[in-house]
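Got a few minutes and a viewer open? Here are some exercises to work through, each with a solution to check yourself against.

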Amino acid sequence: MVGLMVGIALGLVSVWLVRRLRGEPWMFAFALLLLPIIYVWFALVDGSGANASRELLAGLPWLLAGVALLWFKIPQATLIVGAFWLLHAVYDVVHDERFVNPGVPDWYPLACLGTDVVIGGYLAYVGLREKRPATV
């Protein structure tokens, strides 16, 4: 439960910081690239190249979405970025059921879930309020 609260706090701080820097949503699109890399890193620290490969393969949609959203002008980009953050929250919930990655700390999936839901919910809210579809 502490991990979830830390994740929510981190999500709120992230949203506040990005809004202050006026960099949204491209900063959150860039951060999509980091989401799978963290799980890969945990596997590599644990010394499992096989787990790292599986994590990289599972994270491919976020990597491709991050690159596409940064590279191309895509209508409704804010909503799409938000949807990928919310999808990553689902990934965090089912991660331990789908993958054996002993390098992932016990607290991490809940912390990541909290962060993902806050950022994804914020971006979905902003995307739905946009009068003109935004591109990243």
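Before you start: the bend at a residue is the angle between two axes, one fitted to the seven residues ending there and one to the seven starting there. Also keep in mind that this is a predicted model.

**Exercise 1. Find the kink in α5 and work out what the buried side of this helix packs against.**

Solution.
- Step 1: Apply the bend definition along α5, and a kink of about 35 degrees turns up, centred on D92.
- Step 2: List the buried residues of α5: A77, T78, V81, G82, W85, H88, A89, Y91, D92 and H95. D92, where the kink is centred, is itself on that list.
- Step 3: Think about spacing. An α-helix has 3.6 residues a turn, so residues three or four places apart point the same way.
- Step 4: See what covers them. The buried residues of α5 pack against α2 (26–32), α3 (34–46), α4 and α6 (108–129).

**Exercise 2. Do the same for α4: locate its bend and find what covers its buried residues.**

Solution.
- Step 1: The bend in α4 is about 50 degrees and sits at G59. Look just downstream and you'll meet a proline, P61, within four residues.
- Step 2: The buried set in α4 is N51, A52, E55, A58, G59, W62, L63, A65, G66 and L69. So G59 shows up twice: as the site of the bend, and among the buried residues because it falls under the 20% cut-off for relative accessible area.
- Step 3: The cover over these residues includes α2, α3 and α5.

**Exercise 3. Which residues does V15 touch, leaving aside its neighbours within four places in sequence?**

Solution.
- Step 1: Place the residue: V15 is in helix α1, which covers residues 2–21.
- Step 2: Check its exposure. V15 has a relative accessible area of 11%, so it counts as buried.
- Step 3: Collect the partners: F28, V118, I119 and Y122.
- Step 4: Take one of them, Y122. It's 107 residues away from V15 along the chain, yet the two C-alpha atoms are separated by 7.7 Å.

**Exercise 4. Repeat the analysis for F42: is this residue buried or exposed, and what does F42 contact?**

Solution.
- Step 1: F42 belongs to helix α3.
- Step 2: Its relative accessible area is 8%, so F42 is buried.
- Step 3: With neighbours within four places in sequence left out, F42 is in contact with N101, G103, V104, P105 and Y108.
- Step 4: Pick V104: 62 residues separate it from F42 in sequence, while their C-alpha atoms are 5.4 Å apart.

**Exercise 5. Where does Q76 sit, and what is its phi?**

Solution.
- Step 1: Q76 is in the loop between α4 (49–71) and α5 (77–98).
- Step 2: Its phi is positive, about 60 degrees, even though Q76 isn't a glycine.
- Step 3: At a relative accessible area of 31%, Q76 is partly exposed.

**Exercise 6. Zoom out and describe the whole protein.**

Solution.
- Step 1: Count the elements: six helices and zero strands.
- Step 2: Compare its radius of gyration with the globule rule. For 136 residues a compact globule would come out near 14 Å, and the protein's 15 Å agrees.
- Step 3: Check burial: 44% of the 136 residues count as buried.
- Step 4: Consider sequence separation. Of the contacts between residues at least 6 apart in sequence, 81% join residues at least 24 apart.
- Step 5: Finish with charge: there are 9 positive and 9 negative side chains, and the centres of the two sets lie 19 Å apart.

Notes:
Residues are numbered from 1 along each chain as its sequence is written. This is a predicted model: local features need pLDDT of at least 70, side-chain atom pairs count only at pLDDT 80 or more; totals for chains, interfaces and linings use all residues. Side-chain values use heavy atoms; hydrogens and water are left out. Helices (H or I, at least four residues) and strands (E, at least two) are DSSP runs, numbered from the N terminus. The radius of gyration is taken over C-alpha atoms; the globule rule is 2.2 Å times the number of residues to the power 0.38. Buried means under 20% relative accessible area, exposed over 50%, partly exposed in between (1.4 Å probe, protein chains only). Contact means heavy atoms within 4.5 Å. Lys and Arg count as positive and Asp and Glu as negative; His and the chain ends are not counted. The place of a charge is taken as NZ of Lys, CZ of Arg, CG of Asp or CD of Glu.
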